[in-house]
Amino acid sequence: MFSNAARVAFILIMGSAAWAQTSKPAIPLTTMKEVEAVANTRLRAAPADPWGMLGDARGTYLPGGGTVVTFELTLASLPPLNPFHTSVSPKERRSAHDRKVKNLAVLKAAMREMIARAATALTAMPGNEQITFEAFLFNFAWEDRTGLPARVTVCANRRKVADAVARHASSAEMASLFEEHSEE
């Protein structure tokens, strides 16, 4: 009935249509930009002892895996070295270290909070996928890095977090949903 050329054309058209449907990202760029904006706002709302953002948060969706949002910061603002302040005293080193250790706990709490907000915003993302926030932490060579990781990753299952947020789960239940990893 149809010529071979017509069959080939039909198959190509149908294949192209199927490819176009599957190549459409599950998470629209506008939604990812909203997640990034929320993360940037939260991270700029520094703790009592301010940390320093070293750039904006960047997120991406990995089909079948989930969403990853990365950012870089220093856990405490430090006095700059300049012609009038040419070295760092032992007291300043201790103070910088202690301040960073305190802010590490604050950062992990902020990352869990950002994942909870993202879980409710990323409704097009399959529920079984992960939401991951990853912080790259900057330290100067002169700093005492004991107990201070170079990278912190916090992740959770989107559906579990979104469900817990919707039912106003206890803080203990919420905490149990997150995995945290640090790398020194």
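Start by selecting Glu173 and Arg167: their side chains form a salt bridge, with the closest N and O atoms 2.0 Å apart. A salt bridge here is a side-chain nitrogen of Lys or Arg within 4 Å of a carboxyl oxygen of Asp or Glu. Glu173 is partly exposed, at a relative accessible area of 29%, and Arg167 is partly exposed too, at 48%. For these labels, buried means under 20% relative accessible area, exposed means over 50%, and partly exposed is in between (1.4 Å probe, protein chains only).

Before you click on, a word on what you're looking at. This is a predicted model, where local features need pLDDT of at least 70 and side-chain atom pairs count only at pLDDT 80 or more, while totals for chains, interfaces and linings use all residues. Residues are numbered from 1 along each chain as its sequence is written, and side-chain values use heavy atoms, with hydrogens and water left out.

**Next stop: His168**

Select His168, in the loop between H4 and helix H5 (171-176). Is His168 buried or exposed? It counts as exposed, at 70% relative accessibility. Check its backbone as well: His168 has a positive phi of about 55°, although it is not a glycine. Most residues other than glycine have a negative phi.

**Two helices that cross**

Now colour H3 (residues 90-121) and helix H4 (residues 158-166). Helices (H or I, at least four residues) and strands (E, at least two) are DSSP runs, numbered from the N terminus. At what angle do H3 and H4 pack? The angle is about 95°, and their axes are 8 Å apart. The axes are lines fitted to C-alpha atoms, for helices over the stretch in contact, and angles run from 0 to 180 degrees between N-to-C directions. H3 and H4 are therefore roughly perpendicular to each other, a label that covers 65 to 115 degrees; under 35 counts as roughly parallel, over 145 as roughly antiparallel, and the rest as oblique.

To see where they touch, show Ile115, Ala116, Ala119 and Thr120 in H3, which meet Arg158, Val161, Ala162 and Val165 in H4. Contact means heavy atoms within 4.5 Å.

**Along H3 to Lys100**

Stay on H3 and pick Lys100, then add Glu143: these two form a salt bridge, the closest N and O atoms being 2.8 Å apart. Glu143 lies in the loop between strand E4 (130-137) and E5, while Lys100 is in H3, so the pair ties together parts that are 43 residues apart in sequence. Lys100 counts as buried, at 0% relative accessibility, and Glu143 is buried as well, at 8%.

**Over to helix H2**

Select Lys33 and Glu36, whose side chains meet in a salt bridge of 3.4 Å, N to O. They are 3 residues apart in helix H2 (residues 29-44), separated by about one helical turn. Lys33 is partly exposed, with a relative accessible area of 40%, whereas Glu36 counts as buried at 5%. Add Arg58 to the selection: salt bridges that share partners join Lys33, Glu36 and Arg58 into one network. How many salt bridges are there in the whole structure? A search finds 11.

**Into strand E3**

Arg58 also turns up at the next stop, Val69, in strand E3 (residues 66-74). Val69 is buried, with a relative accessible area of 0%. Leaving aside neighbours within four places in sequence, Val69 is in contact with Val35, Ala57, Arg58, Gly59, Thr132, Phe133 and Glu134. Try a distance label to Ile131 too: Val69 and Ile131 are 62 residues apart in sequence, and 8.1 Å apart in space, C-alpha to C-alpha.

**Zoom out**

Show the whole chain: it has 5 helices and 6 strands, in the order α-α-β-β-β-α-β-β-α-α-β along the sequence. Of its 184 residues, 35% are buried. Among contacts with a separation of 6 or more, 65% are between residues 24 or more positions apart.

Last, colour by pLDDT, the predictor's confidence in each residue, from 0 to 100. The chain's mean is 85, and 85% of its residues reach 70 or more. Where is confidence lowest and where is it highest? It is lowest in helix H1 (residues 4-23), at a mean of 47, and highest in strand E5 (residues 151-157), at 97. Over residues 5-12 the pLDDT is below 50, and beyond near neighbours in sequence this stretch has 2 contacts in the model. Residues 14-20 are also below 50, with 0 such contacts.
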